[in-house]
Amino acid sequence: MRFLNSIIKDLREKALCRNGITVLIMAVAGLAGIIESRACTSAIIGAEMNPSGRPILWKHRDTSAIDNKVEFIPANGDEYGFVALYNASDKNLKEAWMGMNDHGFAIMNTASYNIKDDKVSAKKMDKEGIVMSKALRTCRTVEDFARLLEEWPRPMGVEANFGVIDATGNGAYFETNNHSYRRYDLKDAPDHVLVRTNYSHSGRPGEGYGHVREANANCELAPHIAVGCITPEVLTEELSRHFYHDGRKEDLTMSGRKDVLDEDYIPRYKSTATIAIEGCRPVETPDSVTPGFVENEYIMWTGIGYPPVSEIRAVRCAEDGVDPDLQGLQRDGHSKLSDQARRDRDAVFTLKGKNKYVDISRLFNAEGTGIAQLKIQKNAETYRREKEKRDKKIDQ
């Protein structure tokens, strides 16, 4: 999708033609909507903010690649084993879009649209999934990832905010373009929380996308920060399912509205997953971390498909750690839960066309029987059961 940025630039350069400014404004407005379809909202939560004492890496994924799956990649020689989110069409599992490995390193990204500062062509861009796959195979720590970026051949083919955590409790965003990056460490963040959407804080002011979504996330996290309690459930069951708009200071989640324009909310028509990787209580040295330790301690809480209707599964970094309903076992590499969520999503987007409108009344109602509400109830039991299972193993 980086080609859209090139198109916008070309339009600007050609805007001297008759009525060029008008044409430019209309074209850029249309393209902005297309770019936003690849948007994501994300956060890194420090161990101090989670009552379980574990850091969390969260990504609410938006993409035109609607069909997703989760797969386990076994260790191979010096390369680590890992679990990751993939597009259903990725038959060879080359591009990971979020994941964790068997040495306690986890990574995700959001696309950025305000830090590319060169003329590298679109065909050489969009390498983020390849970078993350390499990181999952080779990195143990946040510092390892920094070295990977330092050593990656230039131009890197990326314009992204990479978020990472490790078993020592460290976390950071790396706002990265083709030639350099700016690092933001979790330990330096107010309240031990970092949030990113589709612009980089180190990038060109006023450019990029997702400013309202970032404000939405910060506002919804604020009451949880105030009491020092951000759990994976807060991220997957609240932020990824609520229809709060900070620009209008308006929460339509329980409004009963049937015709809400799908714009600037965290959940969007092209949202395809909500995933919260909950790590371990920080260890003193990464050398003490083994695959068995990670299998017992780490959980990748995964809701695949349109997040307001998704079912959460607890994914572990092990050969049998991925629920078959998340794997690409269906036709064309689809996963069962992704297909199910897609059907549910289509049931709540009743007005089709260029502009999408969501029938929130089908997701949430006063009786508590909306699609989202029923899934939240089911997911609460999944969280309870799987946390109990994890904690029991650790205490043995």
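This report describes two buried strands, their pairing partners and the nonpolar cores of the structure.

The model is predicted, so local features are given at pLDDT of at least 70 and side-chain atom pairs at pLDDT 80 or more, while totals for chains, interfaces and linings use all residues. Residues are numbered from 1 along each chain as its sequence is written, and side-chain values use heavy atoms, with hydrogens and water left out.

**Strand β7**

Helices (H or I, at least four residues) and strands (E, at least two) are DSSP runs numbered from the N terminus. Strand β7 spans residues 160-165, and 6 of its 6 residues are buried; buried means under 20% relative accessible area, exposed over 50% and partly exposed in between, with a 1.4 Å probe and protein chains only. In a regular strand the side chains alternate between the two faces of the sheet. In β7, Ala160, Phe162 and Val164 point one way, whereas Asn161, Gly163 and Ile165 point the other way.

β7 pairs with β6 and with β8, each in the antiparallel sense; two strands pair if DSSP finds at least two bridges between them. β7 and β8 also form a hairpin with 5 residues between them, and Gly169 in this turn has a positive phi of about 95°.

**Strand β2**

Strand β2 (residues 56-62) is largely enclosed by the rest of the structure, because 7 of its 7 residues are buried. Ile56, Trp58, His60 and Asp62 lie on one side of β2, and Leu57, Lys59 and Arg61 on the other. The antiparallel partners of β2 are β1 and β14. His60 stands opposite Thr41 of β1 and opposite Thr274 of β14.

The pairings of both strands are listed below.

| Strand pair | Partner residues | Bridges | Opposite residues |
|---|---|---|---|
| β6 and β7 | β6: 106-111 | 6 bridges | Asn109 and Phe162 |
| β7 and β8 | β8: 171-176 | 6 bridges | Ala160 and Thr176 |
| β1 and β2 | β1: 40-45 | 6 bridges | Thr41 and His60 |
| β2 and β14 | β14: 271-278 | 7 bridges | His60 and Thr274 |

**Nonpolar cores**

A nonpolar core is a set of buried Ala, Val, Leu, Ile, Met, Phe, Trp, Tyr and Cys residues joined through side-chain atoms within 4.5 Å. The largest one holds 57 residues, of which Ile107, Phe145, Phe162, Phe174 and Ile277 touch the most other members. Apart from this core lies another, of 16 residues, among them Ala43, Trp58, Val195 and Leu221.

Leaving aside neighbours within four places in sequence, Phe174 is in contact (heavy atoms within 4.5 Å) with residues including Ala160, Asn161, Phe162 and Val164. Its other contacts include Val142, Phe145, Tyr181 and Arg182.
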